[in-house]
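Got the viewer open? Let's take a short walk through this one, a few selections at a time.

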Amino acid sequence: SNYIKADTSPIKVISLFPELVPSHFHNSLGLSTSASTRNATNSIKGASVTNNTKMSGMVLQKAALAMVQFCEYHRNQWRDKVDAADKLRSGGSNAEGVDFNGNPEDFLKDVEIVDTVLLSAFLNCSPPKRSAVVELLSQTNPVNRCHMDSSTALIASQGNAFTEALLWLYRSHNEHKRVLVALTEDRCVGQAAWSREQFYNWTAEYLRWLWCSDDIGLPMQALNALRP
């Protein structure tokens, strides 16, 4: 909350917590690939993290909770700005006169970092926030901008309990072939995962959504999935 009140750059704050940042972003944020040291002393809800330390255990969990609050705040603040950046990227005009402090593409890269770190923070809470992850990946306003490969690795590391989250990640990034490959009873039903009823309900809803899509290629994918 102190970082929010101080209006500190989200990316500068995120770079202070490398254990929550997927390695894909380390170079662009100037982080050590080992994420083993930090340059300053930080206080996170009473937990002090000093030079030459690596966060773990309860310290990491408290940092994750604080990062959830921080990233969610900025996601909400940036909602209209993200829409404006998307319009510009697709050839539209900046009719609202939104100030991106530079290139809209750079701003959207920051959005990708914030969303991916939010996902990482959810997973580093104790226990990991499964429902919050599914909500992040399944909501359409705003749609998540999580980095695909980094997020796939983060979610897959959580095991069967996060099967639905992984499917939503693929679905939200239009990776429908990957959804259909992963959407099998053997993979999705079992301990800590879905029941058979949950699996068939999600599958039916998803295939119905594909079939009714305005994208000309998606109904055919639904039809192919139903063929023996």
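Which residues form one aromatic cluster? Select Trp-168, Trp-194, Trp-202, Tyr-206 and Trp-209, and you have it. Before going on, note that this is a predicted model, where local features need pLDDT of at least 70, side-chain atom pairs count only at pLDDT 80 or more, and totals for chains, interfaces and linings use all residues. Residues are numbered from 1 along each chain as its sequence is written, and side-chain values use heavy atoms, with hydrogens and water left out.

Keep Trp-194 and Trp-202 on screen: their rings make a tilted pair, 5.7 Å centre to centre with 40° between the planes. (Rings of Phe, Tyr and Trp, the last by its six-membered ring, pair if their centres lie within 6.5 Å; planes under 30 degrees apart are stacked, over 60 edge-to-face, the rest tilted.) Now swap Trp-194 for Tyr-206: the ring centres of Trp-202 and Tyr-206 are 5.4 Å apart and the planes sit at 25°, so this pair is stacked. Both Trp-202 and Tyr-206 are buried, meaning under 20% relative accessible area (1.4 Å probe, protein chains only).

Add Arg-171 next. Its charged end sits over the ring of Trp-202, 5.4 Å from the centre. For that label, NZ of Lys or CZ of Arg must be within 6 Å of the ring centre and within 35 degrees of the ring normal. Then jump to Lys-81, whose charged end sits over the ring of Phe-107, 4.8 Å from its centre.

Last stop: residues 57-77, helix 4. Its buried residues include Leu-60, Met-67, Phe-70 and His-74. Helices here are DSSP runs (H or I, at least four residues), numbered from the N terminus.

Conventions
Helices (H or I, at least four residues) and strands (E, at least two) are DSSP runs, numbered from the N terminus. The expected span of a helix is 1.5 Å times one less than its number of residues. Buried means under 20% relative accessible area, exposed over 50%, partly exposed in between (1.4 Å probe, protein chains only).
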